[in-house]
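Student: Pick one part of this model and take me through it closely, please. I'd like the geometry first, then the contacts, then whatever in the rest of the chain helps to put it in context.

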Amino acid sequence: MRYCTKCRLGITGNSVRCPFCQNGLVGEPDGENVFPDIPHETEQYGLLIRLLVLGSVVAAGICGAVNASLPQTGWWSLFVMAGLASAWISGGIILKKRGNLLKAIFWQLCVLSALVLIWDFCTGFRGWSMDFVLPVLYSCSMLAMYALAWFMHLQPQDYLLYLILNIMAGFLPLAFLLCNMLHIVYPSVICVFISVVLLAVLLLFQGRALKGEAERRFHL
């Protein structure tokens, strides 16, 4: 019998993906399918994705050719190619983690943090990534996670881990501030304030669930 690790259900038949969540199954097949085969989203939109990839390659090629013909304008085509690559990396994370919105937000947080730091470094490291982008990114992601958990009525075990990790990331601007790495401080101050408030809310109103989740995750 095949098994879905996400739904924690045994699936009879020879299906490759879970009929409920479309997650890949593990185990050996055992007979005919009980559930109908449902095309995976990546298969349904495969042609669109290939066309978008082709369009990106064509756009990068045209920019590179024009730039090579006019080298006196500077190598701006490299920024276009880097921008396309960044967009595909971010989009790939959304596509890969689309089944869990909170996980998708957290992975986007990690990937975008790395990308904006790389962009800032490659453009002379003027500090805009730490002054503005990272604090705003962390603040928005924390508020988005909390709002999604509230609107979707998620159970604590479905969102506490990602929200705690996001709150921990929200304290990073405090390190930038203490190390005198910032030119503009108020976005970081707001970010740290939001982190403190959300952490207090979790400890005061979800303390028992937070303790239980820690015991379950770390086998305490």
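**Helix H6 and its surroundings**

Tutor: Start with the length of H6: its 15 residues should span 21 Å at 1.5 Å a residue, and the end C-alpha atoms sit 20 Å apart, which agrees. The expected span here is 1.5 Å times one less than the number of residues, and helices (H or I, at least four residues) are DSSP runs numbered from the N terminus, as are strands (E, at least two). Keep in mind that this is a predicted model, where local features need pLDDT of at least 70 and side-chain atom pairs count only at pLDDT 80 or more, while totals for chains, interfaces and linings use all residues. Residues are numbered from 1 along each chain as its sequence is written, and side-chain values use heavy atoms, with hydrogens and water left out.

Now burial. In H6, the buried residues are Pro156, Tyr159, Leu160, Tyr162, Leu163, Asn166, Ile167, Ala169 and Gly170. Buried means under 20% relative accessible area, exposed over 50% and partly exposed in between (1.4 Å probe, protein chains only).

What does H6 pack against? One partner is H5, residues 128–151: the two axes are 9 Å apart, at an angle of about 160°. H5 and H6 are therefore roughly antiparallel; the classes are under 35 degrees for roughly parallel, over 145 for roughly antiparallel, 65 to 115 for roughly perpendicular and oblique for the rest. The axes themselves are lines fitted to C-alpha atoms, over the stretch in contact for helices, with angles from 0 to 180 degrees between N-to-C directions. H5 passes H6 in a left-handed crossing, meaning that the near helix is turned anticlockwise from the far one by less than a right angle (clockwise is right-handed).

At that interface, H5 brings Tyr138, Ser141, Met142, Met145, Tyr146 and Ala149, while H6 offers Tyr159, Tyr162, Leu163, Asn166, Ile167, Ala169 and Gly170. A contact is heavy atoms within 4.5 Å.

Between these two helices there's a loop, and His153 sits in it. His153 isn't a glycine, yet its phi is positive, about 55°. With a relative accessible area of 66%, His153 counts as exposed. A similar case turns up at Asn180, in the loop between H7 (172–178) and H8. Asn180 also has a positive phi of about 55° without being a glycine, and it is exposed, with a relative accessible area of 70%.

H8 (residues 186–205) has its own link to H6. Leu199 lies in H8, and its C-alpha is 7.0 Å from that of Ile167, although the two are 32 residues apart along the chain. Once neighbours within four places in sequence are set aside, Leu199 is in contact with Ile164, Ile167 and Phe171. Leu199 is partly exposed, at 27% relative accessible area.

Then there are the rings. The structure holds 3 aromatic pairs; rings of Phe, Tyr and Trp (its six-membered ring) pair if their centres lie within 6.5 Å, and planes under 30 degrees apart are stacked, over 60 edge-to-face, the rest tilted. One of them joins Phe79 and Trp119, with centres 6.1 Å apart and planes at 35°, so it is tilted. Phe79 in H3 (residues 77–96) and Trp119 in H4 (residues 101–122) are 40 residues apart, so this pair links distant parts of the chain. Phe79 is partly exposed, with 44% relative accessible area, and so is Trp119, with 26%.

Another pair brings us back to H6: the rings of Phe106 and Tyr162 have centres 6.3 Å apart and planes at 45°, so this pair is tilted as well. Phe106 is in H4 and Tyr162 in H6 (residues 156–170), so the pair ties together parts 56 residues apart in sequence. Phe106 and Tyr162 are both buried.

H4, in turn, packs on H3: their axes come within 9 Å and cross at roughly 165°. That makes H3 and H4 roughly antiparallel, and their crossing is right-handed. From H3, the residues that meet H4 include Phe79, Ser86 and Ser90, and those on the H4 side include Gln108, Leu112 and Trp119. Ser90 is buried, at 15% relative accessible area, and, apart from neighbours within four places in sequence, it is in contact with Gln108 and Leu112.
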